[in-house]
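Grab your viewer and work through these exercises. Try each one before reading its solution.

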Amino acid sequence: MAGYKDPEIAVQMAGEKPSALAIVEADTQVVGFYQEAIKAKDFAEARVITTVDDLKPATDDLSLIAKLKKAMEEKRKEYVKPLQDHVKSVNDAFKTLMEPIETADTITRGKILAFQLKQKLIREEQEKINALRMEAAKKEMELKGELTESVDLVEVIPELAKKTTTDMGSAGMRDNWKWEVVDISQVPREYLMINAGVLTPIVKASKGIIVIPGIRVFNEPIIAVNTK
């Protein structure tokens, strides 16, 4: 809202996106919500609850606060949804446009890895053959004291360079350590994590009846507010 002088709203609404700030400040409904929120905060800070009768006005205020929060959240979504829809449409468009290049990248990487693996297996097999022939020659020497013929070793292909460099760039192998569980009973406790996404709804649904070894199930009531 042009000319709005409230110092607190100026501080809280100012920030990294002046264009969005200008739009929101021009919305008198948003500014009105904020003014009502300031009043609610002042009342809450000054409120003293010492008797049962004090609970009624506090409950009324909670109902008003709930309505105000809902209205402000709906207003926020009103501003944000078109932006989110636009971002989604742009992301979807570029996902389609980039599909061929992503496919080309995946195929090329796969073929390089396949070649490197094949060369590695060939080299290992050649080394294995030579090891067997050397072992046979060693046994013949131990048995006869001499070799009846020279050891015919196969040629071992050279180990591939870790990086291929061209005028345009370079590509090579880089360590990429991963893990998988082979026996969860052997995993140290410090590496285990409770699945809260599974446990929480089960505990809530049981309403305190369920018993889970090693877990304390308890009730910690919160204030529920229903507006009319």
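Below are three short exercises on salt bridges and surface exposure.

This is a predicted model, where local features need pLDDT of at least 70, side-chain atom pairs count only at pLDDT 80 or more, and totals for chains, interfaces and linings use all residues. Residues are numbered from 1 along each chain as its sequence is written, and side-chain values use heavy atoms, with hydrogens and water left out.

**Exercise 1.** Find the salt-bridge partner of D27 and say where the two residues sit.

*Solution.* Start with the cut-off: a side-chain nitrogen of Lys or Arg within 4 Å of a carboxyl oxygen of Asp or Glu. K75 fits, with its closest N and O atoms 3.2 Å from each other in the pair with D27. Next, place them: K75 is in helix α4 and D27 in the loop between α2 (18-25) and α3 (28-46), 48 residues apart. (Helices are DSSP runs of H or I, at least four residues, numbered from the N terminus.)

**Exercise 2.** Is K75 buried or exposed? And E78?

*Solution.* Buried means under 20% relative accessible area, exposed over 50%, partly exposed in between (1.4 Å probe, protein chains only). K75 comes out at 11%, so K75 is buried. E78 has 51%, so E78 is exposed. The two still pair up in a salt bridge, at 3.4 Å between the closest N and O atoms.

**Exercise 3.** Why are E127 and R123 about one helical turn apart?

*Solution.* Because they lie four residues apart in helix α4. They also form a salt bridge, with closest N and O atoms 2.9 Å apart. As for exposure, E127 is partly exposed at 36%, and R123 is partly exposed at 23%.
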